[in-house]
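Me: I'd like a close look at one part of this model. Please start from one residue and work outward from there. Short sentences are fine.

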Amino acid sequence: PTRSPAWTATWRFDQVVRADPANPLRNWTLNGDFGLSDGNPNPIHWFANIALVANGPIRGREHDLFGIGYYHLGVSGLPVLEALGLSAENGFEVFYDAAVTPSFRLTPDLQVLNPARRGVATAVLIGVRARLSF
């Protein structure tokens, strides 16, 4: 059923926490999102994610990226979600995006996910992405 009024509020931020004075492209940035809703009819009651991303984390590798992040997803108390066995979800990710050449990037990635569905085991995902740009 429809419900009125409904509301959602979100706050986003990006903050450079460290910058190389000799090369402003080399920096560490903290960013995140935080949100809250009325939880009815929205199935998401609140969420948060935070990440630290480094541009050029290693001197001489200015085109590489490193990132680490975490998120939490809090579901609302809607009866349908309870019936489906859904609760809070959490996730963590770490990656290193290496610029092998100016047009080829290779990114190993690790993710750990604690799913919203109760009784489902935590998932560990290890992967490698490749991107070729023309």
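Where in the structure is the place of P41?

Reply: P41 is in the loop between β2 (23-37) and β3. One caution before going further: this is a predicted model. The peptide bond that joins N40 and P41 is cis. Its omega is about 15°.

Now follow the chain into β3. This strand covers residues 44-55. F47 is one of its residues, and I50 is found in β3 too. F47 has 24% relative accessibility, so F47 counts as partly exposed. I50 has 36%, and therefore I50 also counts as partly exposed. The band for that label runs between 20% and 50%.

What does F47 touch, leaving out residues up to four places away in sequence? The list is T10, D33, F34, G35, H72 and L73. Two of these contacts lead to other parts of the picture. D33 lies in strand β2. H72 stands opposite N90 in β5. F47 and N90 can also be compared directly. They are 43 residues apart along the chain, and their C-alpha atoms are separated by 9.8 Å. Another pair has that spacing along the chain: G60 and V17 are 43 residues apart. The C-alpha atoms of G60 and V17 are separated by 20 Å.

G60 belongs to the next stretch of chain. G60 lies in the loop between β3 and β4. At 55% relative accessibility, G60 counts as exposed, because the cut-off for that label is over 50%.

I50 leads to the surface. I50 helps make a nonpolar patch of about 540 Å². The other members are W11, F34, I68, Y70 and F92. F34 appears here as well as among the contacts of F47.

Next, the sheet that holds β3. How many strands does it have, and in what order? Seven strands form an open sheet, ordered β1-β2-β3-β4-β5-β6-β7. The pairing is antiparallel. β1 (8-20) and β7 (123-132) stand at the edges. Each has a single partner strand, so one side of each is left without a neighbour in the sheet. On average, neighbouring strands are turned by 15° against each other, direction ignored. As a general point, strands of a sheet pair through backbone hydrogen bonds, either parallel or antiparallel.

Some of the pairings can be followed residue by residue. β4 (residues 65-75) and β5 (residues 89-101) pair over nine bridges, in the antiparallel sense. The H72 and N90 positions face each other here. β5 then pairs with β6 (residues 104-114), again antiparallel and over nine bridges. A hairpin through two residues joins β5 to β6. V94 has L110 in β6 as its bridge partner. For E93, the bridge partner in β6 is Q111.

Finally, the charged pairs. How many salt bridges does a search of the whole structure find? The search finds six. One of them involves D33, the residue that F47 touches. The side chains of R12 and D33 meet at 2.9 Å, N to O. R12 lies in strand β1 and D33 in strand β2, so the pair ties together parts that are 21 residues apart in sequence. The two partners differ in cover. R12 counts as exposed at 65% relative accessibility. D33 is buried, with a relative accessible area of 18%. That value falls in the buried class because the limit is under 20%.

R105 forms a salt bridge with D97, and the closest N and O atoms are 2.5 Å apart. Are these partners buried or exposed? R105 counts as buried at 13% relative accessibility. D97 is buried as well, with a relative accessible area of 8%.

E82 forms a salt bridge with R118, with the closest N and O atoms 3.6 Å apart. This pair links distant parts of the chain. E82 is in helix α1 (residues 79-83), and R118 is in the loop between β6 and β7, 36 residues apart. E82 counts as partly exposed at 44% relative accessibility. R118 counts as partly exposed, also at 44%.

There is a network too. D20, R26 and R59 are linked in it by salt bridges.

Methods
Residues are numbered from 1 along each chain as its sequence is written. This is a predicted model: local features need pLDDT of at least 70, side-chain atom pairs count only at pLDDT 80 or more; totals for chains, interfaces and linings use all residues. Side-chain values use heavy atoms; hydrogens and water are left out. Helices (H or I, at least four residues) and strands (E, at least two) are DSSP runs, numbered from the N terminus. Buried means under 20% relative accessible area, exposed over 50%, partly exposed in between (1.4 Å probe, protein chains only). Contact means heavy atoms within 4.5 Å. Two strands pair if DSSP finds at least two bridges between them. Patches are made of residues with over 30% relative accessible area and no salt bridge: like charges are joined within 9 Å, nonpolar side chains (Val, Leu, Ile, Met, Phe, Trp, Tyr) within 5 Å. Accessible areas come from the Shrake-Rupley method with a 1.4 Å probe; for residues, only the protein chains shown count as cover. A salt bridge is a side-chain nitrogen of Lys or Arg within 4 Å of a carboxyl oxygen of Asp or Glu. Axes are lines fitted to C-alpha atoms, for helices over the stretch in contact, and angles run from 0 to 180 degrees between N-to-C directions.
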